[in-house]
Amino acid sequence: MPRAPWQRSRGVDAVLDRWRHDDAVRRDLALDRALEPTDGDSVPLPDDLPEAVRAGLRARGITALYRHQRDALALAREGRHFVVATPTASGKSLCFSLPLAERLAAEPGARALALLPTKALARDQEHSLGALFQAARLDAVVATYDGDASGDARRRARERANVVITNPDMLHAGMLPHHASWARFFASLRFVIVDELHALTGVFGSHVANVLRRLRRVARFHGSDPVFLCASATLGNPGPHAARMIGAPVVTLDRSGAPVGPRNVVVYNPPVVNPELGVRASYTRSAVRLAADLVRAQVPTLVFGGSRHAVETMLRYLRDRLRPEGVPDEALQAYRGGYLPETRRRIEQGLRDGDVRCVVATSALELGIDLGDLDAVICAGYPGTLAALWQRFGRAGRRGVSSLALLVTSAAPVDQYLARDPRWILGAPIEEARVDPNNVELLLQHLRCATFELPFGAKESFGELSADATGDALAVLAEEGSIHKSHDRWTWVSPDYPAQKVSLRSISEIRVAVIERENQRTIAELDHRSALLQLHARAIYQHEGAPWLVESLDLEGRRAVVVPSPHDWFTEAVTRTRLDVLHAEETAPLIAESDGPTATLGEVQVTTEVTGFRRVRFHTHEPLGQDRLDLPPFVIETDAMWITLPADRFDAACARLDGAGQASGRARVLDGLRGLGYALRSIASLALMCAPQDLGTSIELLAAADDDPGVVSPTLFLYDAAPGGVGLADRAFERRDALLSRARSLVLDCPCAHGCPACVSPGLDDGGGDRKQSALTLFDALGAPTLQ
């Protein structure tokens, strides 16, 4: 029977004390560390700050600046681009709002553009900037220009706003192609704010870097040269990353002057419930149980889930658990993409006012939105990078009181690696963000958009490309007929609207619409590769938690027709991948200063075929059968790193594993190599700051020598899943021995018996299969060092 409210102790420290004395919780705490508070470094408001701005700051309760805020103001005054890379809750917003207010006090007609990645953050910054300007009695208009804005609001933003808050997608497709309508805005553009820079990585970041190239080009045409004010969570390379994104030198401000309150960092690893299969208790249910303890103790809590479906499920479980104890459903809310604007704003306000006691959210609330006084953050599953994890953890503890940062690990390999070595969370270097705006596929797409916006001169360059390289790329577009060269100018001549065809979330230009049959409503769009995997005939496509049955897929017409699914199962695509080497760029020893196996970096062609699909029952994951499909292959050229097992070591490993089960030693070696690749891909995604799906693996048997094709060497390929690559293979090649060592540690330290989803994935099912042992044999054959 639950205790009466007046009998319950409250606050983070009380909950932690209970957990530490509860055997059911304590034994599964992989990490329980208290971080000491740190003092702040404040400086007085500058004497030369305009009095109106000074009064506005005082009205907002700001009587001094943190040192990094003062340094940001000084750089903005000098017209120098900068990036502030300090922890969450360190006052980064003032690093750009203060220069804006000062400029508007001196130049009322000045304009600024703020690029924010989410609608929630845009609304929060609109409110914050507006409040500062109003307190300073500045006649300045702040407007948000996004998909939620009405026609009147968009017109107001274009014609009257001093500060336009938008997102990369709207800038790409809604503003730059129509820059003539924004002529007055671009002519007076003084600042461009790029917030949450750490989120701009991989394919998306590479797209945005090209959008910023186009932005600077349009601004120059209208006679302005704006200063870029960037902000990021802690990164390993904030300055170089910002410089690559904007195409200009950047000053880095990474020493925070903000104080940090006491924080408890805890990692909870749900217990193993099936030792043979390595199955653990549900991490989402575990997160809900721990969140309920915090809600009972009156601790304002934010729970992060990995997907929309997980968020809705956890909210249901949390409400069911707490409703009998008198906690109203309205006090527990979900927050994710797909909600109407008024719903999102109501939840945000409820958090600030204290009416909402716990929110279960996707990454939509990861960024710097002002949510009031949160004291606990729970991450249900590792979000993929340390930068993202600490960004989420930083949402709690803004009041300076004791706070909790809790990671509940899933059964995924990276999560289990962190649970077994949680020191990584506290001591590992923060990952570096990487983009490749010169990826050929992306570059050509944005050159089309840029030519549509403004003709190119014969000697004009684009971004960091030389004028000659830019001309060569434009010549390719001329061959396809979309542009024409005349009188030393490249001009757009196609009737197409190129920005409409370019998704910033994908490299592929082909988009397939998901159309509901009954009312012909488009509910989603997927790129070509995703359509083959998720929208084939008879697939179950899941959208916002609802399953849809795909009736037909028309790749030529770029549409898939769906109806509500009557089934209690979902589908998983079965694929077959073939990889061909196009060019070997560099070969080196796999392990430094050894004469053993080698690793190679080069270009490959990857051919993926969807050969069928599996039907799997919801909740129980019971397999219900498999059907065949006949779909066209998906072919890309990309970069890869590959590891070759020499023929002699292959033969030795086969002999060692022969008789281990019903399969032959050769089959065991190949199965072990697949398990090794599974672990390597998991570790690489952790170290390279990317999602596991950004990397692919394949096993091929390559001829060991041209003069004897009968002798083969098994080869493991780790390739960049984006066409053309975005630099992941290069970085994996540079760090190959460290990645191999960590992958070996992941497998060796896993408590499972024969292989599980947390290490090598289950292997051959022949009654004597042991993929884990086979993989460890392969690690030894490759000379993988032991992690120190």
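A residue is called buried here when its relative accessible area is under 20%. The views below come from a predicted model.

**View 1. Strand 32, covered on both faces.** Strand 32, which spans residues 712–720, is mostly covered, with 9 of its 9 residues buried. On one side of the strand the buried residues are Val712, Pro714, Leu716, Leu718 and Asp720, while on the other side Ser713, Thr715, Phe717 and Tyr719 are likewise buried.

**View 2. The pairing partners of strand 32.** Strand 31 (residues 695–703) runs antiparallel to strand 32 and is joined to it by 9 bridges; within this pairing, Ser698 has Phe717 as its bridge partner in strand 32. Strand 30 (residues 634–644) also runs antiparallel to strand 32, the two being joined by 5 bridges, and here the bridge partner of Ala640 is Tyr719.

**View 3. The surroundings of Thr715.** Thr715 belongs to strand 32, and it counts as buried because its relative accessible area is 0%, which falls under the 20% cut-off. A polar atom of the Thr715 side chain lies 3.2 Å from the backbone oxygen of Ser713. When residues up to four places away in sequence are left out, Thr715 touches Trp642, Ile643, Thr644, Leu673, Ser698, Ile699, Glu700 and Leu702. Among these neighbours, Ser698 is also the bridge partner of Phe717.

**View 4. An open sheet of 7 strands.** The strands of this open sheet follow the order 1-11-18-17-14-16-15, and their pairing is mixed. Strand 1 (29–35) and strand 15 (332–335) form the edges, each of them pairing on one side only. From one strand to the next, the twist averages 15°.

**View 5. Strands 14 and 16 within the sheet.** Strand 14, made up of residues 301–304, pairs with strand 16, made up of residues 358–361, in the parallel sense and over 4 bridges. In this pair, Thr301 stands opposite Cys358 of strand 16.

**View 6. Two helices against the sheet.** Helix 12 (residues 283–296) packs on the sheet, where it touches strand 11 (263–268), strand 14, strand 15, strand 16, strand 17 (376–380) and strand 18 (403–408); the direction of helix 12 makes about 170° with that of strand 17. Helix 15 (residues 386–393) lies across strand 1, strand 11, strand 14, strand 17 and strand 18, and it runs at about 145° to strand 17.

Note on methods. Residues are numbered from 1 along each chain as its sequence is written. This is a predicted model: local features need pLDDT of at least 70, side-chain atom pairs count only at pLDDT 80 or more; totals for chains, interfaces and linings use all residues. Side-chain values use heavy atoms; hydrogens and water are left out. Two strands pair if DSSP finds at least two bridges between them. Axes are lines fitted to C-alpha atoms, for helices over the stretch in contact, and angles run from 0 to 180 degrees between N-to-C directions. Contact means heavy atoms within 4.5 Å. Buried means under 20% relative accessible area, exposed over 50%, partly exposed in between (1.4 Å probe, protein chains only). A polar contact is a pair of N or O atoms within 3.5 Å; within protein, one must be able to donate a hydrogen and the other to accept it, and residues adjacent in sequence count only if both atoms are side-chain atoms.
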